[in-house]
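Please look through the structure shown below, and keep it in view while reading the report that follows. The report takes up a few places in turn and then turns to the whole.

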Amino acid sequence: MGFFEFCVYFKKMAFLGSLLGILGFGVGISIGVIVGYFLFIYYEPRDVKDYPENTPFDEIEPNTLIDLLPELPLWVMNPDYERVDWFNEFMANMWPFLDKAICGIIKSTCEPIFAEYIGKYQIKSIQFEQLTLGTIPPRLHGIKVYDSIEKELVFEFAIRWAANPNIVVALKLSSLQISVQLVDFQVAATARATLKPFVPTFPCFSSIIVSLTKKPEVDFGLKLIGGDLMAIPGLHHFVQETISKQVARLYLWPQTLEIPILDSSIGAVKKPVGILHVKVLRAQKLLNMDFLSKSDPYVKLSLGGDRLPAKKTTVKMNTLNPVWDEDFKLTVKDPEAQVLQLHLYDWEKIGAHDKLGMQVVPLKLLTPYEKKELTLDLLNSTNPNDPQNKKPRGQIMLEVSFIPFQEDSLNFNGPFSFHERKESVSSFSDDVSLRGAGLLLVNVIAAEDVEGKHHTNPYAVVVVRGEKRKTKARNKTWNPKWEEEFQFMLEEAPLKDLIHIEVKSKKRRFGFRSKELLGYVDIQLKDVIYNGRINEKYHLINSKDGILHVDIGWKVI
C-alpha cells in the first residue's frame, strides 16, 4: 500500500470513529436519562416523610433537627433570649422607607470619597447607577437584656440578613466604563449594644456603643462587566474570610464602635477633674461699716455652678487691713467655664452681715500646675454698669493654682511639653497613688428593702475619718433613691480606713423614737484606692433584707 492510499484509508477510519463516537454519546445519554428516571423518580423511597411547612418541634426527627440547629433563632436555643417578632414586623412595614433613607445616607457619605479619586489614575467619574438595598429587611433572631448597676442599658442581639440589593457603581476611565454590581448580600452576626450614659434629655442616653461578640459571617456576589467575580476558583473564600477578619479586627469585643447621639455636654453630670488651691493672704483699705468701731471682715469662697457650701475664712475683728494666710481646696469640674467667687462681709453678732465687696477669677486664665499671685480690686457686683463699682472698696490678695487629677492631666494645656506631661501621668506609680493626697467621691445611689419598726422615712449618713455627711430623707418608702454625691478631701490615701454608712429613719413629727437605725455597712477603702472606683450593692448589717447601693471613687492629685 502506497503512501497516498494509506492517507485515504486513515481519513475514512477517522470519520467512521467520529460517527460512532457521536452515536455512542447520544445512546449513552438516552439510556442514562431512562435509568435515572426509574432509580430516582419512579422508584422513590417510600419511608421518607414529607414534613409540612409548619411541623411541630417535637415531631422532627433527630437527624433533621441537627441539620436545622444552625438556622434556629437564638430564642429557641437559648431560653434567656426573647422573641422580637414585633420588631421584625415593624421593620417589614418600615423597610421601603428605611431603604430610601439609608441609601440617601450612603450616597451622601460616598460622594465626597468618590470626589477625591476623580482626576487620579485617569478616572473621570464615579457614581451610583443603581442603589437599593432590596425588598428583604434584616431580621432579629433574639434579644437578651443584661442587668447592670451602672447608668446604662446593655443588650445582646442576633441579626441575620439575606438581602437582594442592587448596587451598581459606574467607574468611567479615559477610554472605557466599568460597572461593578453587588448582589445577593448575606450577613449573620451577634452583637452587643450599650446605651450610656443616661441623661435627662430625650432620648435619655448620650451614645450607643456596639461590639461584635463573635466573628461575623459575610457572603455576597460581585459582578464586573456582567461576569461573576466570585465564580473564580478560590477568590470567593478568600474575599469572604478577608472581610470577616477585617470586620472582626475593628469591632469584635473588646473593640467597640461608639455612635454619638447627643452632645457630651448635654445633660451630662460633670465629674471633678482637679483641685483649685486658694490661699487667702490679706486685704487692705476695706470699707468701714461699723459706727463705733472698725469692720470685722471675713471671706466666703465658692466656685460658680457648684452646689457645695461656700468655704469661709476666720473673722478678723476690728480691722480694715486683715491678714488671714488661710488655705482652701475647691473641687473643679469645668475649668473652662467655672469662676472663683470671692465675697467679703462684715461680721455682725446680730442681724445680717454687711457686704464689703466681691470679685471673681475665671479659671480659664490659670495655667495648670502654676501658682499665681493676684491683687484684686473689690467691686459691688459683676455688672459693669453698676455705679456702685466706682466707689473704692479696697483690695484682696491671694494665691491660686489649679492642679488637675493625674488621670485628667493630659486634657489640659499646661507649661509642660507633651513628653513631660506624659511622664507625669506615667508616674502614677503605686507609691504616689497609694500615699498621695486625693479626693474621695461617695455617691449614695439607693437602698432596697429597708423597713423600719415604727416608721420608714430613710436617709443615709456617710462618715469618713469623723467627717459626716447625710442625704435627704425620703418619706414612706422601703426603696429610697437618693443619687447624692459627697466629696472628702484627704491629705493621704485612706488605705487603712473604713467608710461607715448608716441608713436611718426619722419621724416627721415630734415624739418618742424620733430616729431609728435601719442598717449600716462598713466598707474597706483600700479596695477603692487600688481599683480607682467601686460600684457595688452591699447587704446592710442589722437589717433583714436591706441592700445599699453606693459608687465610691478615688482621684489622685
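## A loop residue and its distant partners

Thr477 sits in the loop that runs between β20 (467-470) and β21, in a model that is predicted. Along the chain Thr477 and Thr456 are 21 residues apart, yet in space their C-alpha atoms are 6.2 Å apart. When neighbours within four places in sequence are left aside, Thr477 is in contact with Val450, Thr456 and Pro458, and Thr456 is thus one of the residues that Thr477 touches.

## A second loop, with a buried leucine

Leu262 is another loop residue, placed between β9 (257-260) and β10 (274-284). With a relative accessible area of 17%, Leu262 is buried, because the cut-off for a buried residue is under 20%. Which residues is Leu262 in contact with, leaving aside its neighbours within four places in sequence? They are Val199, Thr201, Phe202, Pro203, Phe205 and Ser206. For one of these, Phe205, the separation along the chain is 57 residues, while the C-alpha atoms of Leu262 and Phe205 are separated by 7.4 Å.

## A serine in a strand

Ser302 belongs to strand β11, which covers residues 297-303. Is Ser302 buried or exposed? Its relative accessibility is 17%, so Ser302 counts as buried. Not counting residues up to four places away in sequence, Ser302 touches Ala310, Val339, Leu340 and Gln341.

## A helix with two sides

Helix α5 takes in residues 235-251, and these 17 residues should span 24 Å at 1.5 Å a residue; the C-alpha atoms at its ends are 24 Å apart, which agrees with that expectation. The buried residues of α5 are Val239, Ser244 and Ala248. Around the axis they cover an arc of only 160°, and therefore they lie on the same side of α5.

The buried residues of α5 pack against β7 (217-224). On the other side of the helix, Phe238, Lys245 and Arg249 are exposed.

## A cluster of aromatic rings

Across the whole structure, a search finds 7 aromatic pairs. In one of them, the ring centres of Trp86 and Phe87 are 5.8 Å apart and the planes stand at 85°, so this pair is edge-to-face. Phe87 also pairs with Phe90: here the centres are 6.4 Å apart and the planes are at 40°, so this pair is tilted. Trp86, Phe87 and Phe90 together form one aromatic cluster.

Phe87 and Phe90 are 3 residues apart in helix α4 (residues 85-117), and so they are separated by about one helical turn. An α-helix has 3.6 residues a turn, so residues three or four places apart point the same way. As for exposure, Trp86 is exposed, with a relative accessible area of 62%, whereas Phe87 is partly exposed at 25% and Phe90 is partly exposed at 44%.

## The nonpolar cores

In soluble globular proteins, nonpolar side chains tend to be buried together. The largest nonpolar core here has 30 residues, and those with the most contacts inside it are Leu440, Val462, Ile499, Ile501, Ile523, Leu548 and Ile552. Several elements each supply at least two residues of this core, namely β18 (438-448), β19 (458-464), β21 (481-490), β22 (498-506), β23 (515-524), α8 (525-531), β24 (533-539) and β25 (547-556). The largest share, 5 residues, comes from β25.

Ile552 shows how parts of the chain meet around a single residue, for when residues up to four places away in sequence are not counted, Ile552 touches Leu440, Leu441, Val442, Ile499, Ile523, Leu525, Val528, Gly532, Arg533 and Ile534. There is also a second, separate core of 28 residues, which includes Leu286, Val332, Val361 and Leu398.

## The protein as a whole

The secondary structure of the protein comes to 8 helices and 25 strands. Of its 557 residues, 36% are buried. The protein exposes about 35,400 Å², and carbon and sulfur atoms supply 57% of this area.

How many of the contacts between residues at least 6 apart in sequence join residues at least 24 apart? The share of such contacts in the protein is 64%. The contact between Leu262 and Phe205 is an example from the loop described above, with the two positions 57 residues apart along the chain.

Methods:
Residues are numbered from 1 along each chain as its sequence is written. This is a predicted model: local features need pLDDT of at least 70, side-chain atom pairs count only at pLDDT 80 or more; totals for chains, interfaces and linings use all residues. Side-chain values use heavy atoms; hydrogens and water are left out. Helices (H or I, at least four residues) and strands (E, at least two) are DSSP runs, numbered from the N terminus. Buried means under 20% relative accessible area, exposed over 50%, partly exposed in between (1.4 Å probe, protein chains only). Contact means heavy atoms within 4.5 Å. Accessible areas come from the Shrake-Rupley method with a 1.4 Å probe; for residues, only the protein chains shown count as cover. A nonpolar core is a set of buried Ala, Val, Leu, Ile, Met, Phe, Trp, Tyr and Cys residues joined through side-chain atoms within 4.5 Å. The expected span of a helix is 1.5 Å times one less than its number of residues. The arc is that of the directions from the helix axis to the C-beta atoms. Rings of Phe, Tyr and Trp (its six-membered ring) pair if their centres lie within 6.5 Å; planes under 30 degrees apart count as stacked, over 60 as edge-to-face and the rest as tilted.
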